[in-house]
Amino acid sequence: MEGKIYLVATPIGNLEDITLRAMRILEKVDIIVAEDTRQTLKLLNHFEISKPMISYHRHSKEKKKQEIIEKIKSGANVAIVSDAGTPVISDPGEEIVQKAIEENIEIIPIPGPCAAISALIASGIDAKEFIFLGFLPLNKKLRKEKLKEVKNAQKTIIIYEAPHKLVTTLEDLKQVTENRRIVLAREITKIHEEYIRGTAEELLETVKEPRGEFVIIIDKNDIEEENIFEDMTIEEHYKYYENMRI
Ligand code: SAM
């Protein structure tokens, strides 16, 4: 019988944040596909789980993906984990999921920690509707487009950022967010966990040498809808309405 894929969320810092179900699945599967096997080995050792592992990361070749799919087709149950948090969310796994769907393989999510959602709920910023942008692109043109999206967003924005790029990103955000509230959720669930609140300008004053992991939560743009269009090209204007279509 064909195996299944379990997408298993793992802690983003505090190891107590693994679910009972996640542990049971990691104990039960035949293989664990990990973003970085050394990182996952630390987690498995902590919970005294011993399991064969295969590495799969963003640079893995098509052949590796196919190998994993073949193992599942010949009966292996596979858990996919990333270094921390929910696999697929700004982490590897999406391509295997897509391939598995094409092959009619069953996919089961095992929910758990996700930095974006943890940051959002602690931010105090409107959590009813939000846009998750992951990491902002480094490519200048694409980054400019994303920043424009941040500028005009009528919903809360969530961004992941690496510590060494945080100041540059805050400088870019200062240009497009003006006095909107921003929360930097730092080291969530870890010893130095903190939530730093302010405008981009204020945060640049507070956070001079960022250390640790950060999620950026940005309040929506409250300006009247008609003002949004002032900055838009005709194409962007068109795209805006296309995105609104249900
Ligand atoms: N899949 C993960 C998840 O579910 O959150 C995200 C992986 S992504 C490669 C890593 C980014 O997530 C970091 O650069 C940071 O922006 C955010 N992140 C992960 N753990 C975090 C933590 N404990 N505190 C704050 N941000 C964190």
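## The protein chain

A residue counts as buried when its relative accessible area is under 20%. By that criterion, 43% of the 246 residues in the protein chain of this predicted model are buried. The chain exposes about 14,200 Å², and carbon and sulfur atoms supply 51% of that area.

Ten helices and ten strands make up the list of elements found in the protein chain. Along the principal axes, the C-alpha atoms fill a box of roughly 60 × 45 × 30 Å. Contacts between residues at least 6 apart in sequence were also examined, and 72% of them join residues at least 24 apart.

## The shell around the ligand

The ligand is surrounded by 19 residues, of which Thr86, Ile89, Ala115, Tyr160 and Phe214 come nearest. Sorted by class, this shell holds eleven nonpolar, three polar and five charged residues.

## Polar contacts and coverage

Nitrogen atoms of the ligand take part in several polar contacts, listed here by residue. At Ile12, a backbone N or O atom lies 2.9 Å from a nitrogen atom of the ligand. A polar backbone atom of Ile89, a residue also listed among those that come nearest, is 2.8 Å from a ligand nitrogen atom. Glu213 contributes through its side chain, with a polar atom 3.3 Å from a nitrogen atom of the ligand.

On its own, the ligand has 570 Å² of accessible area, and the protein covers 92% of it. The elements that give two or more residues to the surrounding shell are the strands β7 (156-161) and β10 (214-218).

Technical notes:
Residues numbered from 1 in each chain as written. Predicted model: local features only at pLDDT ≥ 70, side-chain atom pairs only at ≥ 80, totals over all residues. Heavy atoms only, no water. Near = heavy atom within 4 Å. Polar contact = N/O pair within 3.5 Å; in protein donor to acceptor, adjacent residues only side chain to side chain. Areas by Shrake-Rupley, 256 points an atom, 1.4 Å probe, with all protein chains shown as cover. Helix = DSSP H or I, 4+ residues; strand = E, 2+ residues; numbered from the N terminus. Nonpolar A, V, L, I, M, F, W, Y, C, P; charged D, E, K, R; others polar. Buried < 20%, exposed > 50% of the residue type's maximum accessible area, 1.4 Å probe, protein only. Contact = heavy atoms within 4.5 Å.
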